[in-house]
Amino acid sequence: MTKRYAVILAAGKGTRMKSKLYKVLHPVMGRPMVQHVIKQLQQGPLNEIVTVVGFGAEKVAEVVGDDSQLVIQEEQLGTGHAVRQAEAMLKDEEGTTIVVCGDTPLISGETYKNLFEYHEAQGAKATVLTAEATNPTGYGRVIRNDAHEVTRIVEQKDASAEEQLVKEINTGTYCFDNKALFKALSEVSNDNAQGEYYLPDVIEILRREGEKVSAFLTPDFSETLGVNDRVALSEAETLMKRRINEYHMRNGVTIIDPEHTYIEPDVEIGQDAVIHPGSILTGQTKIGAEAIVGPHSEVHNCEIGSHSTVKQSVVEDSKIGKRVAIGPYAHIRPESAIADDIKIGNFVEIKKSAIGHGSKVSHLSYIGDTEMGTDVNVGCGTITVNYDGKHKFLTKIEDDVFIGCNSNLVAPVTVGEGAYVAAGSTITEDVPNEALSIARARQTNKDGYASRLKKD
Ligand code: UD1
Ligand code: CA
């Protein structure tokens, strides 16, 4: 099989983004654009990926990791100049090189595959991926002759009024015969409106030399959207969001209002789960079958077991078991482990705590740095007092404990198995198994005192 290489152009400053952040690192559905490009390219066989980067290169290096080699383009003199930076690495290779822009995050692995196959079947020296745009403004236009062959690509700023009417655009993605590419690139000049070395000029150069050049028209323009400013960024976000949501819906997930449901690409969702409006599922999240999330819940890097519900709540970096009811208005903070058949109710905050099977923390509590056993009942307003201003301490609540309402458990402290804590207690010492602990002032009633005060 022909060897395949990829060059990703990612050195442009992205001036139109008006951002401190390097353009190709702007996330679309939580994933940097350049990473989308790499992931889609990796769906097919590739011998090597080379990414051309400019200033901010260290940050790109962090994102691409081992997936791609990096070459630096010191000065951004144009897309043709950018590809030349990969010359030392690639020029002697036999094979096909795909060139992709780092700012076209929506092109799918399927489209790349189709382009490679079309190019190789045509035996062309260059094949440009094109699309029909309703509004082609800003894109390079594909110019064809009377025989409908591609003769060249003209940039918006260099195009005549007539050329500007052309709707077929250059998507910025091409397949080249590797050696022909680098040979033609050495002939590209910067004699144009922007004073840049344009990669698309290679098409005209190859044609002039009598080489075969072709175009592959992809039916879906929306895939080829190039993100140059924040307006396009939000369009990309919308398109990617729809694509992900449709994938889940076809997979058996009910999404009540897909336009208002944000699911990042790595999220997995089980069959018959229902996602209500306003939900945001991010990072490495896994939602179990028949779970219900939302309305208005945020779940980040969590595993949520089957048949659990998360209503109007925020759940982060935690593991939630099966048949757990969370919310409304609960916050599960990182490193919490909630077992099965548990209720975490209204206005409850759980931090770095393990909650055992069958336990209930139903209302208005803070549980932090706590190890809680099974079938514990935590009364309304209970607080684990885990912080003395300098250090954090652990609270241990063993199996079958009943904590009365409005209690403080001042850590470090252990409430032994089966014990009761009376409502309103401030527990500062360990409570033995099966004991009843009352830690509050005894009530005194002064008969008739109120009437006397009123008379005075
Ligand atoms: C480019 C194409 C245009 C096409 C469009 C598709 C050129 C001259 N024009 O225009 O025909 O319709 O993409 O989206 O190629 N880059 C570098 N180094 C540079 C310049 C750019 O690495 O010196 C990178 C950018 O980071 C970006 C990509 O190349 O990822 C494209 O550059 P950009 O300036 O966005 O080109 P467009 O004007 O969109
Ligand atoms: Ca662009």
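1. Calcium site. In this predicted model, the calcium ion (ligand 2) is coordinated by two residues, Asp103 through OD and Asn228 through OD1, at 2.4 Å. These residues come from distant parts of the chain, 125 residues apart. Asp103 sits in the loop between β6 (96-101) and α5 (109-122). Asn228 sits in the loop between β11 (213-217) and α9 (230-250). Water is not among the atoms, so the site may look incomplete.

2. Exposure of the two calcium ligands. Are Asp103 and Asn228 buried or exposed? Asp103 has 12% relative accessibility. The cut-off for buried is under 20%, so Asp103 counts as buried. Asn228 has a relative accessible area of 22%, and is therefore partly exposed. Both values take only the protein chains as cover.

3. Ligand 1 and its surroundings. There are 24 residues around ligand 1. Those that come nearest are Ala11, Gln73, Thr79, Glu155 and Asn170.

4. Polar contacts to ligand 1. Gln73 places a polar side-chain atom 2.7 Å from a nitrogen atom of ligand 1. Leu77 contributes through its backbone: an N or O atom there lies 3.4 Å from an oxygen atom of ligand 1. Asn228 appears again here, with a polar side-chain atom 3.3 Å from an oxygen atom of ligand 1. Asn228 also coordinates the calcium ion. Taken alone, ligand 1 exposes 750 Å², and the protein buries 91% of that.

5. Cysteines. How many disulfides does the structure hold? The count is 0. Take Cys405: the closest cysteine sulfur belongs to Cys380, at 5.2 Å. A disulfide needs the two sulfur atoms within 2.5 Å, so this pair is too far for a bond. Cys405 has a relative accessible area of 39%, which means that Cys405 is partly exposed. Cys302, in contrast, is at 2% relative accessibility and so counts as buried.

6. Nonpolar core. In soluble globular proteins, nonpolar side chains tend to be buried together. Here the largest nonpolar core has 58 residues. Which residues have the most contacts inside it? They are Ile269, Leu281, Ile287, Ile326, Ile338 and Ile344. The elements that give two or more residues to this core are α9 and β38 (413-415). The largest share, 5 residues, comes from α9. Helix α9 also closes off the loop that carries Asn228, since that loop runs between β11 and α9.

Notes:
Residues are numbered from 1 along each chain as its sequence is written. Chains are lettered from A and ligands numbered from 1 in the order in which they are written. This is a predicted model: local features need pLDDT of at least 70, side-chain atom pairs count only at pLDDT 80 or more; totals for chains, interfaces and linings use all residues. Side-chain values use heavy atoms; hydrogens and water are left out. Buried means under 20% relative accessible area, exposed over 50%, partly exposed in between (1.4 Å probe, protein chains only). Donors are N, O and S atoms within 2.8 Å of the metal (3.2 Å for Na, K and Ca); water is not among the atoms, so sites may look incomplete. Helices (H or I, at least four residues) and strands (E, at least two) are DSSP runs, numbered from the N terminus. A residue is near a molecule or strand if one of its heavy atoms lies within 4 Å of it. A polar contact is a pair of N or O atoms within 3.5 Å; within protein, one must be able to donate a hydrogen and the other to accept it, and residues adjacent in sequence count only if both atoms are side-chain atoms. Accessible areas come from the Shrake-Rupley method with a 1.4 Å probe; for residues, only the protein chains shown count as cover. A nonpolar core is a set of buried Ala, Val, Leu, Ile, Met, Phe, Trp, Tyr and Cys residues joined through side-chain atoms within 4.5 Å.
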